[in-house]
Amino acid sequence: MLRVETIKRICNLGTGTIGPSITLTFAMAGYQVFMFGRSDASVKRGFQRIETILGSFCENNIIQKNQVPEIMGRIKGVTTLEEAAEGADFVIEGIVENLIAKQEVFGKMEELCPANTVFASSTSGLSPTLIAEKLDHKDRFVAAHFWNPPHLIPLVEVVPGKHTSQKTVDFTAQLMEKVGKKPVVLNREALGFIGNRLQFAMLREALYLIESGIATKEAVDTTIKYTLGRRLAATGPFESADLSGLDIINNIASYLFEDLCNHSHVSPILRELVDQGNLGAKNGSGFYEWTIDELTKINKIRENDLIQWLNKDKTGRNP
């Protein structure tokens, strides 16, 4: 098994939503990274995204301009798995969220990579056991879920499958720490891991509130942004409960849990939007209508807020 201190080359599979950010994370930490895209055009888009992020980092003093050429020099774009696998110590995958596609790409990479390569998928919640099902060396496979956008969100969920060795889990968590991330290790796999289970529990209740006519979507979004969104950045749910008083939390839970949404089906509001082709920001219409100007504005707000948190992390002011 590899040791974190000895690895040199990272392979990143994917140049879509998260791939360029993950590539940049490792390059900024000093590693040589082979970034795989299916075509020259996709690799070019990946580099353009990386350059945009680096520009923002320079503007916000996260890095200095004279560091950019060295960081970019550590990244090589490739369009074949053979090139991507060459000498790879750690493979991180961020392709389409499809089980069969992931199984196929890891099957090919296992044939091409060195014997001790560790394989990781940044799946948002698919079973790592199922992704690794067809691999010969299932013990060297783990899920390492980077949260979007990976260059701004510190957390990485490290999730073992049924056959993942403890050495692989420990190695991956240590590597995440070395590249400046905040790893959380799950004891065992569960669909959606920790973050998405919590996120979708909240989304289910949010949808129920508007389905039932209790509140508008605007009221729900405003409530989260100006209460939980601010508080949870400092105190998680169990810390918040302790600070509130568990007797109070117990009393509220005794009547509220029974009244909360527990639907096991997809909300008809969400299903109808998807059936109508209203997919959100990606095509301009979802719960809200999105113009280019509005998208630019909200993305900039989110980026600025997350950069402030990054700076707090660097100065040790974030708990």
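**Exercise 1. State which domains the assignment gives, and how far apart their centres lie.**

The domain assignment of the protein gives domain 1 (9-185) and domain 2 (197-288), with bounds that come from an automatic or database domain assignment. Taken over C-alpha atoms, the centres of domain 1 and domain 2 are separated by 31 Å. This is a predicted model, in which local features need pLDDT of at least 70 and side-chain atom pairs count only at pLDDT 80 or more, while totals for chains, interfaces and linings use all residues. Residues are numbered from 1 along each chain as its sequence is written, and side-chain values use heavy atoms, with hydrogens and water left out.

**Exercise 2. Describe the chain over the two ranges that UniProt lists, 12-187 and 192-290.**

Begin with residues 12-187, which an unreviewed UniProt entry annotates as "domain: 3-hydroxyacyl-CoA dehydrogenase NAD binding"; UniProt positions are given in the numbering used here, feature names are shortened, and annotations may be inferred rather than shown by experiment. Over this range the chain is 41% helix and 20% strand, and the end C-alpha atoms lie 26 Å apart, where helices (H or I, at least four residues) and strands (E, at least two) are DSSP runs, numbered from the N terminus. Next take residues 192-290, listed by UniProt in an unreviewed entry as "domain: 3-hydroxyacyl-CoA dehydrogenase C-terminal". Here the chain is 60% helix and 0% strand, with 28 Å between the end C-alpha atoms.

**Exercise 3. Count the salt bridges, and examine those of E93 and E303.**

A salt bridge is a side-chain nitrogen of Lys or Arg within 4 Å of a carboxyl oxygen of Asp or Glu, and by this rule the count comes to six. In one of them, the side chains of E93 and K102 meet at 2.3 Å, N to O, and both E93 and K102 are buried. A network of salt bridges links E93, E97 and K102.

Turn then to E303 and K300, whose side chains meet in a salt bridge at 3.3 Å, N to O. Both residues lie in helix α13 (residues 292-315), three residues apart, about one turn of the helix. An α-helix has 3.6 residues a turn, so residues three or four places apart point the same way. To classify the pair, recall that buried means under 20% relative accessible area, exposed over 50%, and partly exposed in between (1.4 Å probe, protein chains only). E303 therefore counts as buried, because its relative accessible area is 18%, whereas K300 is partly exposed because its value is 36%.

**Exercise 4. Find where N61 and F193 lie, and decide whether each is buried or exposed.**

N61 is found in the loop between α2 and α3 (68-73), and its phi is near 60 degrees, a positive value in a residue other than glycine. With a relative accessible area of 53%, N61 is exposed. F193 lies in the loop between β8 (182-185) and α8 (195-211), and the phi of F193 is likewise positive, near 60 degrees. At 1% relative accessibility, however, F193 counts as buried.

**Exercise 5. Locate P149, and describe the peptide bond that joins N148 and P149.**

P149 is found in the loop between β6 (141-146) and β7 (155-160). The bond joining N148 and P149 is a cis peptide bond, with omega about 0 degrees. As background to both this exercise and the previous one, most residues other than glycine have a negative phi, and most peptide bonds are trans.
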